[in-house]
Amino acid sequence: MHFEHEIEGGNFSQAGFASSEIKKVLKQLNINIKVIKRVVVALYEAEVNIVAHAYHGKMEVDVDTDKIFMRLTDKGPGIENIEKAMEEGYSTASTEVREMGFGAGMGLSNIKKNTDELYITSKVDKGTTVEMTAYLNRE
Amino acid sequence: MNKPKFHHALKISKDICIGCTHCMTVCPTEAIRVRNGKAELTDNRCIDCGECFRVCPVNAIIIEQDDFNKIFEYKYRVALVPAVLIGQFPAEISTRQIYSVLMELGFTHVYEVEHGADILSEASNDYMQDHKETRPLISSFCPAIVRLIQVKFPALVDNIIHLKPPLDIAALYYKQQLVDQGIDEDEIGIFYITPCAAKIAAVKSPVGEKQSPINGVINMDFVYNKVYTGAKKISKDSCILPGTGRPTAESVCWSLTNGEAENIEGRTLAIDGIHNVIEFLEKLENEELKDIDFLELRACDESCAGGVLISGNRFLTTERLKNRAGQLKSEQLKEQETSGGISKYQAYLSDHLNISKVHPRSMMKLDENMTEAMKKMKRVGEIIKCLPDVDCAACGSPTCHALAEDIVQGEADINQCIFIQRMFEEKGILSTDDARGIMKQIWGDDKLKRNC
Ligand SMILES: Nc1ncnc2c1ncn2[C@@H]1O[C@H](COP(=O)(O)OP(=O)(O)OP(=O)(O)O)[C@@H](O)[C@H]1O
Ligand code: SF4
Ligand SMILES: [Mg+2]
């Protein structure tokens, strides 16, 4: 099953909405709660990254009986050095974003921890695509 | 496998119910539907929070208590009284007078529940230390919240602290104390004067415990009326002293908002009101909230001072208990005066403090089987597109979305939607008579027979 949500850059009051909607769906599909937890954490971090760092984006989630595939694409500044961005504690978040309680530089490493596969592709000044997979029935 | 039965203290009286939509639309777990002109409760969704009881315009929702005469089946009849009972009365009625009325009603012992909180405060802090990997930990105090988490936030069940609430600790303590005086355990009946339906459910079908140490429950509104009329007849001098020492200032406030959180080390938050709690748990489940150590969550606004069986005003009750705590603090009671001897039982109680794992029982899932659940979800999506998004509840389900799910689960028909009926009538698929028949099935005969 396919689900899609738009994500608006800079709108912190709505950050987390798309992840919450997906969470509801996963609960209804009776997916293992441990998997739901991991998936929702990863989605939330990726969603907030769009809100905090990009201009506009989209969340796509495909739920299958054996896996959940998630893709977040955005139009934004892109990531120059993905390896560096993955490091714990690395952040380019602005002071405003930090004041909102984000910008610890933990998001991407948290995503890595909570998913089975993670691919990030990015073009500077164009945008970023984050693809994540979580396998079911492995808990 | 037998389906587990959940005891609910909330019952709908079919004779009194007028089949309106108040309870259905306010229920936080969508546990109510209207069929044949009467509200019906779905057992495995109800969490006994009592929101329906508050809004029912004709008092058709009943909180089932034990027959008062059940206390006389026991030779030793203990009334376990929560502080909020006392907090409801104006200052002119003393604690002693209240106790005296309870003795006149037939109890042989009257004890305050809150003594159990002193043991719990220390135990909770130890538990926090021993479970550093789980954060935030959630209090097990309010049974409606424990049930809410089980049915609606299954991913959070492991955050619930596996310790008994003060009520169970107090009950264990008083029972053991009497047994140690040489009294036969079978002769002791412990009765809790409850401020809410949730606590009744917790006594009758406990979560994480095989059996509750409490033998029966008496609704607080019943006792309130007896005390109000009885207290004035009892002179202040002739009345009885509380059986044990007086509670500590901290424990007197335990059941109020922040009463618990204030005693827990670390970053704690206290949230009251079921809808506030739900909003917060949604965020917590997404791990949007970090670095919180402890959550005190209560179903009622102003916590137990706002319990559904509390007759007094919740803000005044809170005020009076805070004043009482202030008084207790200023008197600087000695240890033996406050502990009521509970400290002697510390070791025994510590051994009996734990509850077992709390199991999720999600009501959210559309089907056990994921492939089936996906099919059902697709159908819900298709049905939703046909429904008007009005959430008028005229179909007998609380929202359009709930109707769509009910249809998919085989518990309702799309014809129950009045907008669909109109469209079908226009297209000639449905006759006016048929539409009338459907409405009768939901709302009963008389709502379609009004004189006008
Ligand atoms: N969608 C994106 N577009 C542009 N840059 C991004 C995007 N996602 C991440 N980044 C870059 O990668 C860095 C690290 O991201 P990460 O999510 O790990 O930390 P953060 O967002 O800065 O802080 P936190 O997630 O802890 O609130 C960010 O500071 C940002 O420079
Ligand atoms: S807050 Fe207190 S009175 Fe209200 S449901 Fe919970 S335990 Fe009962
Ligand atoms: Mg981030």
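In this predicted model, the shell around ligand 2 divides into eight nonpolar, two polar and two charged residues. All of the residues around ligand 2 that are listed here belong to chain B: Phe141(B), Cys142(B), Pro143(B), Cys196(B), Ala198(B), Lys199(B), Arg298(B), Ala299(B), Cys300(B), Ser303(B), Cys304(B) and Gly307(B). Cysteines recur in this set, with Cys142(B), Cys196(B), Cys300(B) and Cys304(B) among its members. With Cys and Pro counted as nonpolar, the nonpolar group includes these cysteines together with Phe141(B), Pro143(B), Ala198(B) and Ala299(B). The charged residues of the shell are Lys199(B) and Arg298(B), and the polar ones are Ser303(B) and Gly307(B).

Chain B, which supplies these residues, contains 18 helices and 11 strands. Its radius of gyration is 24 Å, close to the 22 Å that the globule rule gives for 452 residues, so chain B is as compact as a globular protein of that length. Taken along the principal axes, the C-alpha atoms of chain B fill a box of roughly 80 × 55 × 40 Å. One backbone feature of this chain is a cis peptide bond between Arg135(B) and Pro136(B), with omega at about -10°. Pro136(B) is placed in the loop between α5 (115-130) and β7 (137-138) of chain B.

Chain A has five helices and five strands. Read from the N terminus, its elements follow the order β-α-α-β-β-α-α-α-β-β. For the 139 residues of chain A the globule rule gives 14 Å, and the radius of gyration is close to this at 14 Å, so the chain is as compact as a globular protein of that length. The C-alpha trace of chain A spans about 40 × 30 × 25 Å along its principal axes. Asn30(A) has a positive phi of about 60°, although this residue is not a glycine. Asn30(A) is found in the loop between α1 (17-28) and α2 of chain A.

The surroundings of ligand 1 were examined next. Ligand 1 sits in the second largest pocket, with 20 residues around it. Of these, His53(A), Ser91(A), Thr92(A), Gly103(A) and Met106(A) come nearest. The shell around ligand 1 is made up of nine nonpolar, nine polar and two charged residues. Two helices of chain A, α2 (33-53) and α5 (107-114), each contribute at least two residues to this shell. The largest share, three residues, comes from α2(A).

Polar contacts to oxygen atoms of ligand 1 involve both side chains and backbone. An N or O atom in the side chain of His53(A) is 2.8 Å from an oxygen atom of ligand 1. For Thr92(A), a polar side-chain atom lies 2.4 Å from an oxygen atom of the ligand. Gly103(A) takes part through its backbone, with an N or O atom 2.6 Å from an oxygen atom of ligand 1. On its own, ligand 1 has 590 Å² of accessible area, and the protein covers 94% of this.

Terms used. Residues are numbered from 1 along each chain as its sequence is written. Chains are lettered from A and ligands numbered from 1 in the order in which they are written. This is a predicted model: local features need pLDDT of at least 70, side-chain atom pairs count only at pLDDT 80 or more; totals for chains, interfaces and linings use all residues. Side-chain values use heavy atoms; hydrogens and water are left out. A residue is near a molecule or strand if one of its heavy atoms lies within 4 Å of it. A polar contact is a pair of N or O atoms within 3.5 Å; within protein, one must be able to donate a hydrogen and the other to accept it, and residues adjacent in sequence count only if both atoms are side-chain atoms. Accessible areas come from the Shrake-Rupley method with a 1.4 Å probe; for residues, only the protein chains shown count as cover. On a 1 Å grid over the protein atoms alone, a cavity is a set of points where a 1.4 Å probe fits but cannot get out, and a pocket is an open set with protein on both sides within 12 Å along at least five of seven lines; lining residues have an atom within 4 Å of a point. A molecule sits in a cavity or pocket if more than half of its atoms lie within 2 Å of its grid points. Helices (H or I, at least four residues) and strands (E, at least two) are DSSP runs, numbered from the N terminus. The radius of gyration is taken over C-alpha atoms; the globule rule is 2.2 Å times the number of residues to the power 0.38.
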